Each structure stands twice: as C-alpha cells, then as structure tokens.
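Please open the model in your viewer and keep the selection tool at hand. The tour below moves from stop to stop, saying what to select and what is found there.

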Amino acid sequence: MLATEFLSELKAILRDSHVQVEEDVGHPLGNSGRVTVCPQSEEEISNVLMYADNHGKKVTIAGGGTKRGFGGGTEVADLLLSLAEYKGVVEHNVGDMTLTVKAGTPFQSLQEYLAEYNQTIALDPIWPEYATIGGVIAANDSGPKRFRYGSARDSVIGMRIVYPNGTIIRSGGKVVKNVAGYDMNKLFIGSMGTLGVISEVTLKLRPLPKYESLILLSFQEGKMEEIRAFAVELLDSLMEPTSLELLSPSLSERLTGNHAYTVAISFEDVESAVHYQENFVKRIQPAKTNITILPLKEARAFWKQFYTIAPNGRESGSSNEIEAALKIGVVNLDALQVIKASHILQDAMNIAVEAHGGLGHGLCQIYIKGTGEEVVAAIERLRQFVIPLGGYVIVKHLPLALRQKVEVWGEKPSYFFLLEGIKTKIDPHSTLNHGRFVGGI
Amino acid sequence: MAIKGGQIKDTHIENLAKIVGTSAILYKKEDLLAYDCDGFTIHRHLPRAVVFPNSAEEVAKIVKYCHEYDLPFLARGAGTGLSGGAIPLNGEVIISLTKMKRLVSVDLENRRAVVEPGFINLKLTHSIADKGYYYAPDPSSQYCCTIGGNVAENAGGAHCLKYGVTTNHILGLEVVLPNGEMIEISTNGVLDPPGYDLLGILTGSEGTLGIVTKITVRILKNPEAKQTVLAYFDKVSDASQAVSDIISAGIVPAALEMMDKTAIEGVEAAAFPVGHPKDIEALLLIEVDGISAGIDEQIQEILKVCRSRNVREVKVAQDEKERERWWANRKTGFGAMGAISPDYLVQDGVIPRSKLPEVLERIRQISEKYGLRIANIFHAGDGNLHPLVLFDSRKPGETEMALAAGSECLQACADAGGSITGEHGVGIEKREEMRFIFSDEEIAAQTNIRDVFNPKNLLNAGKLFPTPGRCVEVKRNEKMK
Ligand SMILES: Cc1cc2nc3c(=O)[nH]c(=O)nc-3n(C[C@H](O)[C@H](O)[C@H](O)COP(=O)(O)OP(=O)(O)OC[C@H]3O[C@@H](n4cnc5c(N)ncnc54)[C@H](O)[C@@H]3O)c2cc1C
Ligand SMILES: Cc1cc2nc3c(=O)[nH]c(=O)nc-3n(C[C@H](O)[C@H](O)[C@H](O)COP(=O)(O)OP(=O)(O)OC[C@H]3O[C@@H](n4cnc5c(N)ncnc54)[C@H](O)[C@@H]3O)c2cc1C
C-alpha cells in the first residue's frame, strides 16, 4: 500500500505537522520509514502503535538516529517513529537522587541539567549530544567508565513502555531498590526497540565526582605482556580506577598524538584521593613507558573528544569509503588480545582500524574503514579470532547492503528459542523493528 | 541402603530415587515436616518428597521426570527466604541444592568466581579474603543462605547501597529450564551476551523460571580503608533528615542503616548488645569505604551533618573489633526480636528516602491501630524499610492482625511512591499486595514471560502473582504455626 493511503488515518491520530512523508527513503544505512511520525505524548505513541499493529504496518523506532546503522535488514519500514519530540524532564527528586525523563531527551542535555545539582547519570555513551536516553538504553550502550559504574542495567530503576498493541506497561518503579515481580526493566534494556517503545525512564543518579583526572600511560615498545602485567598489578591493588581502557596505537595517535598502545586510567573521587592514586600509578610505572596526567578540565576535554570517535548513524555516509563499528565482548583481560589482533589486521589488510577495549570489563569497540569487501573480510577474521576465546562480535554500524552479507549479531545462541518466545509473546506480529535483533527477531 | 520406612507406595518416589540414589531422597512424613515452610513460617504445606541431587545432570533428570509426569516441583536452598518462596504449596517435589555446594573456580585477575547454587554466600568471601577480595552482596543471613537462593530472590544487604544488589554481580548462569533442558548464559562471564537480558530476568524471578545450577559472580577487591560511625538521635525525624542530608552532600556511603527505639530494645536484650542508650528514639550506623586519603573528609562531613540534625551522641569506631560488634548487633537484629516477643513478622517495603519521616509516622499509627508493637530496622540509605510486627501467635486472632498490620505498612510504602519489597521477594506473602503497585495488565505482562520459560507452570506455581479473584484472607486450609 502506498504511504499516502494511510496518511489520512495517521493524521487523525497525530497533528498534521507531526506526520511527514519521506521523499528520499533510500538511506544507505537503512532503518528508515516511508512516513515519519513524531508523537508528542505517550498517548500518541500508543495510538500510532495500535494503528500499525492492527493494520499490519511495520514500525522502525528512532531516538536520535545515531544507531541507524545498527542491526536490521529492512531498508524502509512503513513508519519511522521518532522520539525526537518526546523529550524533557518529568520529575527530578533531588534529595532522592532519582530522575524521570521522556525517552527522546538527548543525553548531553540531561547531564548538563543535572550538573547544576552536582548529580550525574553514571553512563558514558558515544555521541551524547545526539543520542537520546531511550536510545542509549534500548541499545544498552556503555563506555570505558563502565568498569566502575556499570551500564544502563545498573542505573535504570523504572520505565514506561508502550507495547506494540498500544498497552502501556510500567516496569520497576521510582525507588532505588525493588524486587516486586520480575525485573522487567532488564528485558527492554538492550532490546533494540524490538519489544516496545520506551516512553519514560527513571534513573538512579550519582553525585558528580568532586574531582577527576586521567592518566595516559603509553607503552613505547608495545609488548602485550608488559601491558598485561601492569593492568594486573593495578587491578590487584587497592586503587579504584574508573576506567582502564587500552587504546590501539592508531586511536592513541588521533587522541593524543602519540602512536603507541596507551592505557587510559581515570580516577574520580575527592581531590586528595585522586592524587594519591595518581602517585600510586607513578610508583608502579613500568620501564619504557610515558606517563601524562590530565587534570580535571583536560581530562574532561579528552573524554569529550573520545565520545565522538565512532561513526555516527545520523550522517549520510555518502563517501565511497565504508565505515564499520564493532562491539566485541571477551573475558576482561582478553581485551588485550582483541586490540592487538585488530591492530595487526590493519597492517595485513588495506584498511584503517582504531580500537579500544576495557581491561576491567572486556568490552572492545573496533572502528574499521576500507572498501566494502575488505571491511567484511576484516569482520570475518576478527570473528574467527574472538569466537575461540569464548567471546562475540556484534556489528554496530555498517551500511545496509553490507549488513546483509555479515551476521550482524553473530550465531544464534543455544537458547535462542527463549529470545524468540519473548519476542512472539510481546510483539506477535513483529510490528516493531522487524528483524533488527539477534537471529532476525 | 534401602529407603527408610520400607515399602514405597508412590512409584514416582521410587523413580526419583533411581535418579539420585535412595540415600538422597526423603519422603516419610516425619522427614518432610522440616520442609513444610521456609523463613516465612505462617503458611505450611508438606512436600511430596525432597530430593538432593549432586550435579546439574541429576537436576535435569529430576526436572525432566517431573515435567513428563506433570508433578509440581520447586528448588530450595537454605530455606531462609522470608516470603514463602520455597514452601511447597502444591505438594511439590522439593529439589534441594544443598549438596551442590562446590566452589568451582576463582579467577582473581578477571575478578570472577564460579559456584554451585548451594554454596553459602559468606563462604565465598571467606575463600578469597586472604587475597584481598570479597563478594559484595551481604544479606544479614549470609552465614547460611545459598548463592542460588540469593539469585532467585535478588538478595540485597547492608552494603548494597554502594555496591548494588545480587543482580549487579551476576555475570553468568547455568540453568535447568522447567522442561529439563539445560542452558548456559555467559558462564564464562563475558558481558552483554547478544540477545534479551535473560540473566537480568532470571535473577529475582523467585525460582519460577528455572533452576539455577551454576553461577558466575563478580568479585571485588577490598576497599583500602573503612570507617564506621554510630549516631544516636532523640527524634526519628532528625535521624531521617540526616540520612537525606548525607546522601545529598554527595557522599555514597557503603552502608547507612537505621534502628528505632523498639528495635534497639530488642538488639540490646539479645546476644550482641553494644550498650546503646535505652532512651534514644533512633540510631544510624553509617559506613564509608574507599581510598584512605578521601575517607577522613567524608567522615568529617557526616559528623557535621549529624550535629546539624541535633544528634545526641556520635562516635567513630576505634578499631575493627568495635566495628564488628556494631555490625553483629545490627545483622542479628531480626532474630533479636525473639528476645522481646514470642513471634514477629518481617516486612520489606521501599520508599523514596525523602519520605522516611512521613512513612515512619504512618507505621507508628498502624502499630497503634492494631495494638501491636512494630520495630524498625532498615537500610535507610536506599529507603528499604523492615517493619517487624511483634505478636503472639498463641493469642487467637493475633497472627491475622499482624499480617494485616504488615500489609498496611506495605500500603503506606506504595502510597509514598515506593514498592512492596526491596529484597525479600513476593513469594506467597505479598502476592495480593502486588496489586498495590501493578495493574492487571502489568501483572499479565509478567506472567506472559513466565509462560515462555515455564509453560506448564509446574515449577513453583502459585508464587509471586496474585490469583485472580482470590480473597486476601489468609488461612484457609493451610496449617497455622
Ligand atoms: C557506530 C557507533 C558506535 C557507537 N559506539 C558506542 C560506544 O562505543 N559506546 C557507547 O556507549 N555508545 C556507542 N554508540 C552509541 C550511540 O551513539 C548512543 O549512545 C545511543 O545508543 C543511541 O541513541 P540514539 O538516540 O541515537 O538511538 P537510535 O539510533 O535512534 O536507536 C538505537 C536503537 O534503539 C531503538 N530505540 C531508540 N529509542 C527507543 C525508544 N525510546 N524505545 C525503544 N527503542 C528505542 C532504536 O529502534 C534502535 O534499535 C555508538 C553508536 C554508533 C552509531
Ligand atoms: C535472619 C534473616 C535475615 C535475612 N536478611 C536478609 C537480607 O539482609 N537481605 C536479603 O535480601 N534477604 C535476607 N533474608 C532472606 C533470605 O536469606 C534471602 O532471600 C536468601 O536469598 C534466601 O536464600 P536461601 O538459600 O535460603 O533460599 P531459599 O529460602 O531456600 O529459597 C528462596 C527462593 O529461591 C528459590 N531458589 C533457591 N535456590 C534456587 C536455585 N538454585 N534456582 C532457582 N531457584 C532457587 C526457591 O524456590 C525460593 O523461591 C534474611 C533471612 C533471614 C532468615
């Protein structure tokens, strides 16, 4: 059916200005829609979904669209439901350190708002300016500071979710500790919008650290055993780093000007405790390494730049060069091997690779640039390396045409039937983000 | 060894005995009596049998058998659950995990350990303490409860304020599903396995989605330094305000506990008295930990806050011995109520911290209304209240009154925007109270998930969710204590 045929019905649900027919639907990253709708209330979200679900229409959900290149084999769905106009703080209980926000609120704006109260959301996603809180949670994104603070699953205490049939379901609550019924929050975190539209999120907040600094320790000889020995010593000490992130030489060069494996160690605490920990690192500094300490402002500036290194799904991606972003999970210290393997690939193939991985949490992000063929081959080679380690490779960003050539999520897990069972129960017509998730659910 | 009691009339028991061996099954009434309830002693029901598997494979065989013959079954750890989760309401076959108590492996470099479900919580910390590591979730029952039971209940504890509850520390699980199929989710501890977060949904599912047979947990390095403060207040409202002020000052204490006058009377009459003044209205037990260089600053700030809230006396523990005495006094608080009352009922509501003064006042009114004393010992830092309703079950009608008073306390928590349970779970006890916070549709959304895992509902049926149309009245056929 042509888009225009259901336009009038949509316009009866939403105000005219919030329904827009897309002229140019062939976005190279896919995951667009023939008609874009921007609901402004939860009720409108519910009505749109109910309409779509009843009429066999497929809906793609977008927050800020930074992850448009993440998952999914569909070029255009019938509807693109954008949360961009559903934003703002619903409730901030300063004394309770909890915050309820609408899902379309950009992450950065929330952090700026909270900073005035010396509070923060303990998450560090990429592209915070554009990424919406709903998208960050739906994609379960985390950064280097996950080592100390955990991820979305550790910060979200409640949600409102609009189910595909329009029903509104609350999960969790507004208190920081809660075991009433199943922990339904967890189902939607990382579900890539395949189960429901998150309309509202309640988060537990942390005090903004009183001070922070960042140590960049670069290993001139690039011997993995030395980096490992250093990491193990620091991890076994009484210090409490917030991040312990290994940067590949190429990424280090872009961020610090120094082409060498570099470990980014950050500390957040009262100032005296931060300096005390810096001194500890200086004391155990291995031979043939360079140490740079970035105090408060410089540390923040470093991170700001760091969060923009990934390709951004909002951009059109029209150049010939193909960009890919991978998320690789392995047992913590195996991140060393993954970063090294991806660095070696760069020399073995005609591609550019930048990579970083957390030595305290085992999650790695790999960014690859090259021709389509080479990028796909590189992904396969990394998979061959990572699977025997007991890890996984997820393709977080790749143009649609190439996504159809690689398994975005890797092989189905042995318990796939449970994932499929959950999807079928909640979204029986596969209305939402059809085929965008593991095993095509 | 032959099955005690000679002839077995129940062929199912005979067949189960073939799986686990005749010495690993109980089926005689006198043996089953010990399994007719858990830490929630108000409801009781006899199981059909209790089996003690020795391996995940045996668990899978037992479950397959039950699944095939439609026998209700459930898992049991140490039986310390406080909401009745392990009570065999439907005459279940109880699968006790107490023989599966091995520490499978420890990997300090990658900060993880693998345990069997019957492994005792505190034993894990003891096994790694010499290397300077520990397992963070510390329910007061940690000396005897199992990590399998902790996973099922998503157990918390005093130190979960800073470090999170069980779910924040579970990296992987091996699970026998209700049809006997065994699955492994990230048992090597790799984070964010692709797919919906099954670890997250299994943790806290109160043993209704599967039987956990292996657990990979995160372990932490001990903090460099710890300091503990004890503060006595003449007014509950001042103590409550101090709690909010400490958190608002940007301090994240490792623990922030509160006890009221009745609770203090109890702990002082029990096994670990520390000499708290009898005439104070509330005390706070506050612990901060972390890098030593930053601790003093935080302690000074806490002392300042307490003074500004009219504290009568405030002191810092002088040594580890004093600190341990204070904690022993707190952690044995529930049991201590036995010293001042024949029976007590523990409740477990949660409220936003800022509502502490008004909710404590409502609990006081509830206590007056029922003429039953209510002691409060709780995790004030995260707003997790534990009203302990003191009663005497020998007096006719008092048990029902205690239950009604407990339920009203939960209503007060729900009205304040909170929850009906923060760590003890819903079980049988709070099934009906689920309606205080969830709509029928929200409850159906949860039972839909149960149906994916447990479609025949043979595993731990009748827990967690209200029965449609069931009246709230307690007793019925279930035997009284
Ligand atoms: C190449 C690339 C690399 C990245 N690397 C990292 C990284 O290393 N670390 C990191 O932390 N972050 C990373 N990100 C994260 C990302 O930029 C944001 O943090 C965030 O996850 C996306 O927010 P968004 O609003 O743009 O989401 P979108 O791109 O709009 O949506 C993301 C997904 O969530 C769904 N969704 C969005 N909103 C909702 C909602 N309200 N309800 C239900 N489903 C919804 C969408 O359908 C989609 O499946 C990366 C992104 C890209 C493109
Ligand atoms: C004095 C006292 C103090 C307590 N203090 C606290 C506290 O501070 N914080 C707190 O959170 N709790 C506390 N509790 C409650 C209780 O100890 C916890 O809920 C604990 O997690 C239960 O563990 P268990 O091994 O005794 O489990 P059980 O009571 O045997 O079982 C509890 C539930 O878990 C299920 N289960 C058990 N093992 C498994 C398994 N392997 N797989 C699947 N399901 C399983 C059972 O079916 C049941 O539904 C306290 C209890 C007492 C008696």
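Select B:E368 and B:R364, whose side chains meet in a salt bridge with 2.9 Å from N to O. In this predicted model, both residues belong to helix α13 (residues 356-370) of chain B, where they sit 4 residues apart, about one turn of the helix. With a relative accessibility of 57%, B:E368 counts as exposed, while B:R364, at 41%, is partly exposed. Salt bridges can also share partners, and in chain A such sharing joins A:K145, A:E212, A:E268 and A:R300 into one network.

Stay in chain B and select B:D36 together with B:R44, a salt bridge in which the closest N and O atoms are 3.4 Å apart. Is B:D36 buried or exposed? B:D36 has a relative accessible area of 4%, and because buried means under 20%, this residue is counted as buried.

**Between the chains**

Now show both chains and colour them separately, so that the boundary between chain B and chain A can be followed. On this boundary, 86 residues of chain B are in contact with 73 residues of chain A. The size of an interface is often given as the accessible area lost when the parts come together. Chain B and chain A bury about 6,600 Å² between them, and 58% of this area is on carbon and sulfur atoms.

How many salt bridges are found across the interface of chain B and chain A? The count across this interface is 8, while the count over all chains comes to 48. To look at a pair of this kind, select B:D382 and A:K177, whose side chains meet in a salt bridge at 4.0 Å from N to O. This pair crosses between chains, with B:D382 in the loop between β18 (374-379) and β19 (384-385) of chain B, and A:K177 in the loop between β9 (168-172) and α7 of chain A. Both B:D382 and A:K177 are buried. Then select B:D192 and A:R146, which form a salt bridge with their closest N and O atoms 2.8 Å apart.

**The domains of chain B**

Hide chain A for a moment and colour chain B by its domains, which are domain 1 (2-96), domain 2 (103-221) and domain 3 (223-340). The C-alpha centres of domain 1 and domain 2 of chain B lie 24 Å apart. Where these two domains of chain B meet, 14 residues of domain 1 are in contact with 14 residues of domain 2. The area buried between domain 1 and domain 2 of chain B is about 1,100 Å², of which carbon and sulfur atoms give 70%. Across the interface of domain 1 and domain 2 of chain B, 0 salt bridges are found.

**Aromatic rings**

Bring chain A back and show the aromatic side chains, among which 15 aromatic pairs are counted over all chains. Select A:F302 and A:W303, which form an edge-to-face pair with 5.4 Å from centre to centre and 85° between the planes. A:F302 is buried, with a relative accessible area of 5%, and A:W303 is buried as well, with a relative accessible area of 3%.

Go next to B:Y134 and B:Y163, whose ring centres are 6.3 Å apart and whose planes stand at 90°, so that this pair, too, is edge-to-face. Because B:Y134 lies in strand β7 (residues 133-134) of chain B and B:Y163 in helix α6 (residues 160-163) of chain B, the pair ties together parts that are 29 residues apart in sequence. B:Y134 is buried, with a relative accessible area of 13%.

Returning to chain A, extend the earlier selection to A:F302, A:W303, A:F306 and A:Y307, which ring pairs link into a cluster. A charged side chain can be seen beside a ring in chain B, where B:K331 lies over the face of B:W327, at 6.0 Å from the ring centre.

**A last stop in chain A**

Finally, select A:I189, which is placed in the loop between α7 (185-188) and β10 (197-204) of chain A. At 5% relative accessibility, A:I189 counts as buried. Which residues is A:I189 in contact with, leaving aside its neighbours within four places in sequence? They are A:I137, A:N140, A:A152, A:R153, A:V156 and A:M159.

How values were computed: Residues are numbered from 1 along each chain as its sequence is written. Chains are lettered from A and ligands numbered from 1 in the order in which they are written. This is a predicted model: local features need pLDDT of at least 70, side-chain atom pairs count only at pLDDT 80 or more; totals for chains, interfaces and linings use all residues. Side-chain values use heavy atoms; hydrogens and water are left out. Helices (H or I, at least four residues) and strands (E, at least two) are DSSP runs, numbered from the N terminus. Buried means under 20% relative accessible area, exposed over 50%, partly exposed in between (1.4 Å probe, protein chains only). Contact means heavy atoms within 4.5 Å. Rings of Phe, Tyr and Trp (its six-membered ring) pair if their centres lie within 6.5 Å; planes under 30 degrees apart count as stacked, over 60 as edge-to-face and the rest as tilted. A charge sits over a ring if NZ of Lys or CZ of Arg is within 6 Å of the ring centre and within 35 degrees of the ring normal. Domain bounds come from an automatic or database domain assignment. Buried area is the accessible area (1.4 Å probe) that two parts lose on being put together, summed over both.
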